Amino acid sequence: MTAVAQRVRTRNRTRLRGFLLALPPVLVIAFFIGLPVIAAIAYTFGYSGGINSVVAALAQKQHLVDGAAPTFDAYREVLGDSSFRTDLLVTVIVTIVTVVLVMVLSWAIALYARFSRGVLAKLVTALAVVPMFIPVVIASYAILTFYSTDGFTRTLFHLLGWEDSPALAYKMTGVTVGQVWTHLPFGVLLISSGLSSVPDTLIDAARDAGASMSRAVRAVMIPMAALPTIIVATFTGIGVLGSFTVPYLIGPNAPNMLGVSMAQYYQSFNQAQQAVVMAVVVFVLAAGIGYFYVRANAKSARGSGRL
Amino acid sequence: MGAWARRAGVALFVLAMLLFVIGPLAWLSLRAFAQTWEYPRLLPREWTLHWWETVLEDAQLGGAIRLSFVFAPVTVLVSSVICLPAAYAFARHDFPGRRVMLLSLFATNAFPKMGLFITIAGLFYSLKIMGTFVGVVVVHVLGTLVVMTWIPAAAFAAVPRSLEEAARDAGAGPIRTFFSVTFPIAAPGILVAMIMAFLASFDEAQGTFLVGTPTYITMPTEMYTLVLNYPEQAAAVFSIMLSVPSVVLMLLVRKHVMGGRLAEGFQLR
């Protein structure tokens, strides 16, 4: 055997080994997530066979296929329901507002920590990461009591002389506060890490060339931290879209976010098909957001010659 | 004047952040020691430790705490076996489909968990793992795959190849090189991932509720009932107890988390 053929064989062997080592988590996901998701999508079009048979045997008010052609009746029912449309709108608004607030806060904190080496800057960063330490169930419950009618905010306003201040608990504003609270650490960590990778010399160079501080930030910092920014926006967006605990504990009965309506349709109304239709709608929205994440990653990998 | 205004602005921002982040936790903690506390008092009128006894003596709540401490380490162990070799492969081998496979893990995040759990029930029934220990572990492991692969993969990728090559040149075999060079350098990243996985299991409520009830009710699952059926003070006590392990574990890896180990993992290479 020639040396070249030998090398090609070794390379192929290590490639195969890499592939096989990387396979287990992908297989677990394909089997326990991919398969149920495909089954779920089939179920929304009226197919009740296979692993759907158990759920379909128990659920009520299903729209099942008559023959082989898919039926869109489940979608027609859910999308035609005005309370679903309100929930969808509420979900989208909470998602957008949360993403914007998390972005603004994360950037403000990261920028402050990047340029100020003081104790306060460290304190603010540490504060922003605290929510990561707290289980979401606890955080939601704590936020609920803090903003409830007998909570801290109303107590404080009462002592200051404002007797009938509003309570944020059981309202979508309270839910948004809870979402920002739980998603802030991820944003601050990623954007701080992105900004810390911008070398001082680059900023100094921009400043020496006569750029103002805000100009230097815009021209140097923002492009350098673009990838972490997009990661934060997409992960926060997807996380909020599908969230359950925060809106379930803090939010009102109706209208509420789709994560809660889904659980309600499944557990209280025993309408699994309608619940899964809602899940697919959220999934489509999340996939739309996920597309930006994938594209941004691919772009940045190409930019640094890694792809 | 301008400097003073800026300093005041910063101080105000720090104060607002303190209230926003710590306020709810402090407010809830106070409740755990409150006997009577009427609106609009800023502090409870009478204090007590009575609620701690109530919670500690409740057998059901104690069982939930124990179960959480069983599921979390098992989840981390299973997830490590599945993910860590893969993380190494993603970092060190180039093979066709590598990027697609890395990204496919991300798919776990995109489909709402609630919708997934509804159809997963069908799969679990046919595998006969509905309502079993294995079923709950599977649900917990599913929630950890992304962090357990991505963060260690970034940690392995950050180990300089030159160090590994130097060890190989000095006569170390591949296994020796891995355990005496690669692994120690990547260890902080792996530790961060393991603790994130531990906490994810510790925090998982929805799936455990759907798959595990009535046999396996963990702490966060119990919390949902607690909020609705017990006095507020008992829920507050339980909340503190549920937060302690998370806080301790996160404090252990705080430096690495803040130092960018977590952030690295989400920037796919």
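Here are a few questions and answers about a predicted model, its nonpolar core and the two domains of chain A.

Reader: Happy to start with the core! Which helix gives the most to the largest nonpolar core?

Author: The largest nonpolar core has 188 residues, and those touching the most other members include A:M132 and B:W150. The helix that gives the most to this core supplies 15 residues and spans residues 59-92 of chain B. That is helix α3 of chain B.

Reader: Where does this core lie with respect to the domains of chain A?

Author: Chain A is divided into domain 1 (19-71) and domain 2 (82-303). Both domains give residues to the core, so it lies between them.

Reader: Thanks! Which residues of chain B does A:M132 touch, leaving out those up to four places away in sequence?

Author: Within chain A, A:M132 touches A:P185 and A:L189. Its partners in chain B are B:M196, B:M250, B:V257 and B:L262.

Reader: Now the two domains of chain A: how much area do they bury between them?

Author: Their centres, taken over C-alpha atoms, are separated by 31 Å. The contact takes 12 residues from domain 1 and 9 residues from domain 2. Carbon and sulfur atoms carry 59% of the buried area, and the area is about 900 Å².

Reader: Which three residues supply the most of the area that domain 1 of chain A buries against domain 2 of chain A?

Author: More than any other three residues, one trio supplies 44% of that area. The trio is A:Y43, A:T44 and A:Q60.

Reader: And how many salt bridges does the rule find across this interface?

Author: For polar contact, the rule finds 5 residue pairs there, both residues at pLDDT 80 or more. For salt bridges, the number found is 0.

Conventions:
Residues are numbered from 1 along each chain as its sequence is written. Chains are lettered from A and ligands numbered from 1 in the order in which they are written. This is a predicted model: local features need pLDDT of at least 70, side-chain atom pairs count only at pLDDT 80 or more; totals for chains, interfaces and linings use all residues. Side-chain values use heavy atoms; hydrogens and water are left out. A nonpolar core is a set of buried Ala, Val, Leu, Ile, Met, Phe, Trp, Tyr and Cys residues joined through side-chain atoms within 4.5 Å. Buried means under 20% relative accessible area, exposed over 50%, partly exposed in between (1.4 Å probe, protein chains only). Helices (H or I, at least four residues) and strands (E, at least two) are DSSP runs, numbered from the N terminus. Domain bounds come from an automatic or database domain assignment. Contact means heavy atoms within 4.5 Å. Buried area is the accessible area (1.4 Å probe) that two parts lose on being put together, summed over both. A salt bridge is a side-chain nitrogen of Lys or Arg within 4 Å of a carboxyl oxygen of Asp or Glu. A polar contact is a pair of N or O atoms within 3.5 Å; within protein, one must be able to donate a hydrogen and the other to accept it, and residues adjacent in sequence count only if both atoms are side-chain atoms.
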